[in-house]
Amino acid sequence: MEPGTGTFSEEQFREACAELQRPALSGAAWELLMETQGISVYGLLDQPTGLYEYKLIGTLRAPPDILADICMDLGYIRRRIPQVTEAYETECNGETVTYMKMEFPFFVSSRDCVYVKQRRELDFRGRKIQVVLARGTSLPQFPERPGFIRVSQCQVKLAVESTGHNRSKVFIYCFINPGGWIPSWLINMVAKSAIPGFLADLEDACLKYQRRT
């Protein structure tokens with residue numbers, strides 16, 4: 001979960017495909033946190049940070065290509081997360097890099113993040129799977145800003161395949177460490193409580209996206 005540079009490897013894409021077909025939940029203390037809207041949510045406590053890694057496994061009411069489109073759409077993030085006040089993409093060292101700035105009221109420090117993401121369609125064991133990978137990175141073109149906490153520990157994996165009738169089998173992995181002095185128990189509580197709303201919002205966004213295209 002350390003920030004990295006460079007493109008994602010073939011093995012990383014294939015690992016996401018493998019987890020879609022058979023999630024890797026053994027050999028570590030993954031625990032079932034909830035089941036909501038056809039999705040099982042598992043958590044694994046990251047000891048150094050006290051924060052949870054999450055794996056979401058199940059089905060969503062959306063076709064796989066639209067789900068992947070939404071995850072690559074920076075405009076979707078800006079529309080759905082009101083705290084995002086600046087977000088743009090630029091080319092660095094031959095790959096697309098995203099910068100995002102989030103501003104919060106009251107006593108929560110503002111944050112920013114620099115990350116890379118990549119999408120591929122794979123033929124994995126005879127099945128067509130859409131994969132999106134994203135992770136935080138550190139580049140000299142994006143120095144840290146005064147007054148902002150840089151979110152460097154972030155990693156997201158999405159793998160989806162069609163189950164027919166505009167539905168998809170979904171695997172999502174997510175770990176985000178916002179940094180700063182927010183207690184880990186509070187971050188975990190907020191993150192867990194936000195998952196049902198995130199899933200409902202994602203399905204709604206896919207439906208609206210289909211209507212526009």
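Two strands count as paired if DSSP finds at least two bridges between them. Strands here are DSSP runs of E with at least two residues, helices are runs of H or I with at least four, and both are numbered from the N terminus. With that in hand, let's look at β9 and β10: 11 bridges join them, and they run antiparallel.

Some ground rules before going on. This is a predicted model, where local features need pLDDT of at least 70 and side-chain atom pairs count only at pLDDT 80 or more, while totals for chains, interfaces and linings use all residues. Residues are numbered from 1 along each chain as its sequence is written, and side-chain values use heavy atoms, with hydrogens and water left out.

**How confident is the model?**

pLDDT is the predictor's confidence in each residue, on a scale from 0 to 100. The chain averages 90, and 95% of the residues score at least 70. Residues 1-6 are where you should be careful, as pLDDT stays under 50 there. For that stretch the model has 19 contacts beyond four places in sequence, a contact being heavy atoms within 4.5 Å.

**Strands side by side**

Back to the strands. β9 and β10 form a hairpin with 2 residues between them, and Lys 157 stands opposite Tyr 173 in β10. On to β3, which pairs with β10 in the antiparallel sense over 7 bridges. There, Gly 58 stands opposite Val 170 in β10, and Leu 56 has Ile 172 in β10 as its bridge partner.

β3 also has strand β2 (residues 39-46) as an antiparallel partner, joined by 8 bridges. Leu 56 turns up again here, since the bridge partner of Val 41 in β3 is Leu 56. β2 and β3 form a hairpin too, with 4 residues between them.

How many of the 10 residues of β3 are buried? The count is 9, so β3 is largely enclosed by the rest of the structure. Buried means under 20% relative accessible area, exposed means over 50%, and partly exposed is in between (1.4 Å probe, protein chains only).

**A helix with a buried side**

Helix α1 covers residues 10-21. The expected span of a helix is 1.5 Å times one less than its number of residues. For the 12 residues of α1 that should be 16 Å, and the end C-alpha atoms are 17 Å apart, which agrees.

The buried residues of α1 are Phe 13, Ala 16, Cys 17, Glu 19 and Leu 20. They cover an arc of only 165° around the axis, which puts them on the same side of α1; the arc is that of the directions from the helix axis to the C-beta atoms. Among the elements covering these residues are β3, β9 and β10.

**Two nonpolar cores**

A nonpolar core is a set of buried Ala, Val, Leu, Ile, Met, Phe, Trp, Tyr and Cys residues joined through side-chain atoms within 4.5 Å. The largest one has 36 residues, and Leu 56, Leu 67, Ile 70 and Met 100 have the most contacts inside it. Helix α4 (residues 184-212) gives the most to this core, with 6 residues. A second, separate core of 27 residues includes Phe 13, Leu 44, Val 116 and Ile 187.

Leu 67 gives you a feel for the largest core's surroundings. Beyond its neighbours within four places in sequence, Leu 67 is in contact with residues including Leu 60, Leu 158, Val 170 and Leu 202.

**Buried lysines**

Lys 101 is in strand β5 (residues 95-102) and is buried, at 13% relative accessible area. Among its contacts beyond four places in sequence are Glu 86, Asp 112 and Phe 148. Lys 117 lies in strand β6 and is buried as well, at 11%. Its contacts beyond four places include Phe 8, Asp 73, Glu 89 and Leu 133.

**Turns with a positive phi**

Most residues other than glycine have a negative phi. Which residues have a positive phi here? The table lists some.

| Residue | Place | Phi |
|---|---|---|
| Gly 50 | turn of the β2 and β3 hairpin | about 75° |
| Asn 93 | loop between β4 and β5 | near 55° |
| Arg 125 | loop between β6 and β7 | near 55° |
| His 165 | turn of the β9 and β10 hairpin | about 55° |

Asn 93 is exposed, with a relative accessible area of 66%, and Arg 125 counts as exposed at 62%.
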